[in-house]
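Okay, thanks for having me on the agenda again. I want to walk you through one interface today, so let me put the structure up.

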Amino acid sequence: MFWTESNRYGRNWDLLREFERMSRLFSDLSTPFDRATEFPAMNLWSDGNEAVITSELPGVDPGKTDISVVGKTLTVKGSRIPEDSGGEGSYHRQERWNGSFTRTIELPFQIDQNRVAARFSKGILEVRLPRAEADKPRKITITTN
Amino acid sequence: MSDTAKELQKKEASTPEGIERTRPHKVYTPAADIVERQDDIIVTADMPGVDENTVDITLEKNVLTISGTVAPLSPGSHRLVFAEYGVGDYHRAFTITEEVDRDRIHASVKNGVLRLVLPKAAEAKSRKIEVRSAA
């Protein structure tokens, strides 16, 4: 082994590095991350008046993806067809998924069906779900006599 | 769910101990299909969030490296309240045994899927020896 700075300070050096690694691990936990239990995995964004759902669906045909909204629930249906390699050829590896999927999620508020907007770009689906006007909290003014 | 099992979680790429990447994002290994045909090898990789300007492909000696950068998405003033997947860059490297014709490599990105066509070099094709079953 070579005589290096890190060897001279031996244990302390490694300890410092270990702390660095640990602090990085903890900082990763600061995002509200949860493991997906259903396919496709979805991220939920909100600003109080609107929820935005994003999902990674690479290779899915946006024209054949079905998005429907009823009351509080959003349903996304779609499929991915395996790419045609011309019949011949042998697989070295096959890791990408194929087939159809359906996922339904329920939001904590009524969705304004007329203003729902969906966008698909670079393999990422983004659905904007505005909260229905009737569902929004009404401000009550206090009168004094 | 369909008949085929789907990987629910993206796989994070491993980094050597003590070495950090310059960009502080997470790095994932894109799921890939590799099909070898008579004249070429086709590599397909799922890289959502990547387009033709942010994907980088290098072939050095026989190591094919695919990397892609993804700009963290934030829809307006919205806050991320619940996350089931992480967003980050992509990195993956393969060793290719066949001799590849570098000048004719074709790469395209569509809907977040990278498709690479690596044509086999002419000399590699001719070197192939056909094995026949003995009568």
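I'll go from the overall contact between the chains down to a few residues.

Before anything else, keep in mind that this is a predicted model. So, the big picture. On the chain B side, 49 residues are in contact with 56 residues of chain A. Between them the two chains bury about 4,800 Å², and 53% of that is on carbon and sulfur atoms. If you're wondering who supplies the area on chain B, look at His78(B), Glu84(B) and Tyr85(B): that trio gives 15% of what chain B buries against chain A, more than any other three residues.

Now the polar side of things. The rule picks out 22 residue pairs in polar contact across the interface, counting pairs with both residues at pLDDT 80 or more. On chain B, strands 3, 4, 7, 8 and 10 each put at least two residues into the side that touches chain A. And the make-up of that side is 20 nonpolar, 14 polar and 15 charged residues.

Let me zoom in on one spot where strands meet. Strand 1 of chain A, residues 42-46, runs antiparallel to strand 7 of chain B, and four bridges join them. Which residue of strand 7 is the bridge partner of Asn43(A)? That's Ala83(B). Asn43(A) itself sits in strand 1 of chain A, and its side chain is busy too. A polar atom of that side chain lies 2.8 Å from the backbone nitrogen of Glu84(B), and the backbone nitrogen of Tyr85(B) lies 3.1 Å from a polar atom of the side chain of Asn43(A). Leaving aside neighbours within four places in sequence, Asn43(A) has contacts in both chains, including Val52(A), Ile53(A), Leu80(B) and Phe82(B). Is this Asn buried or exposed? Asn43(A) is buried, because its relative accessible area is 3% and the cut-off is under 20%.

On to the charges. Over all chains the salt-bridge count comes to 18, and seven salt bridges are found across the interface of chain B and chain A. Take Glu95(A) as an example. Inside chain A, Glu95(A) meets Arg93(A) in a salt bridge, at 2.9 Å from N to O. Across the interface, Arg92(B) forms a salt bridge with Glu95(A), with the closest N and O atoms 2.7 Å apart. That second pair goes from strand 8 of chain B to the loop between strand 5 and strand 6 of chain A. How exposed are these three? Glu95(A) is partly exposed at 31% relative accessibility, and Arg93(A) is partly exposed as well, at 33%. Arg92(B), on the other hand, is buried, with 14%.

There's another crossing pair to look at. Arg96(A) and Asp46(B) meet in a salt bridge at 2.7 Å, N to O. Here the pair runs from the loop between strand 5 and strand 6 of chain A to strand 4 of chain B. Both ends are buried: Arg96(A) has 9% relative accessibility, and Asp46(B) has a relative accessible area of 8%.

One last item, for anyone who likes charge networks. Within chain A, salt bridges link Glu50(A), Arg119(A), Glu126(A) and Arg128(A) into a network.

That's the tour, so over to you for questions.

Notes: Residues are numbered from 1 along each chain as its sequence is written. Chains are lettered from A and ligands numbered from 1 in the order in which they are written. This is a predicted model: local features need pLDDT of at least 70, side-chain atom pairs count only at pLDDT 80 or more; totals for chains, interfaces and linings use all residues. Side-chain values use heavy atoms; hydrogens and water are left out. Contact means heavy atoms within 4.5 Å. Buried area is the accessible area (1.4 Å probe) that two parts lose on being put together, summed over both. A salt bridge is a side-chain nitrogen of Lys or Arg within 4 Å of a carboxyl oxygen of Asp or Glu. A polar contact is a pair of N or O atoms within 3.5 Å; within protein, one must be able to donate a hydrogen and the other to accept it, and residues adjacent in sequence count only if both atoms are side-chain atoms. Ala, Val, Leu, Ile, Met, Phe, Trp, Tyr, Cys and Pro count as nonpolar, Asp, Glu, Lys and Arg as charged, and the others, Gly among them, as polar. Two strands pair if DSSP finds at least two bridges between them. Buried means under 20% relative accessible area, exposed over 50%, partly exposed in between (1.4 Å probe, protein chains only).
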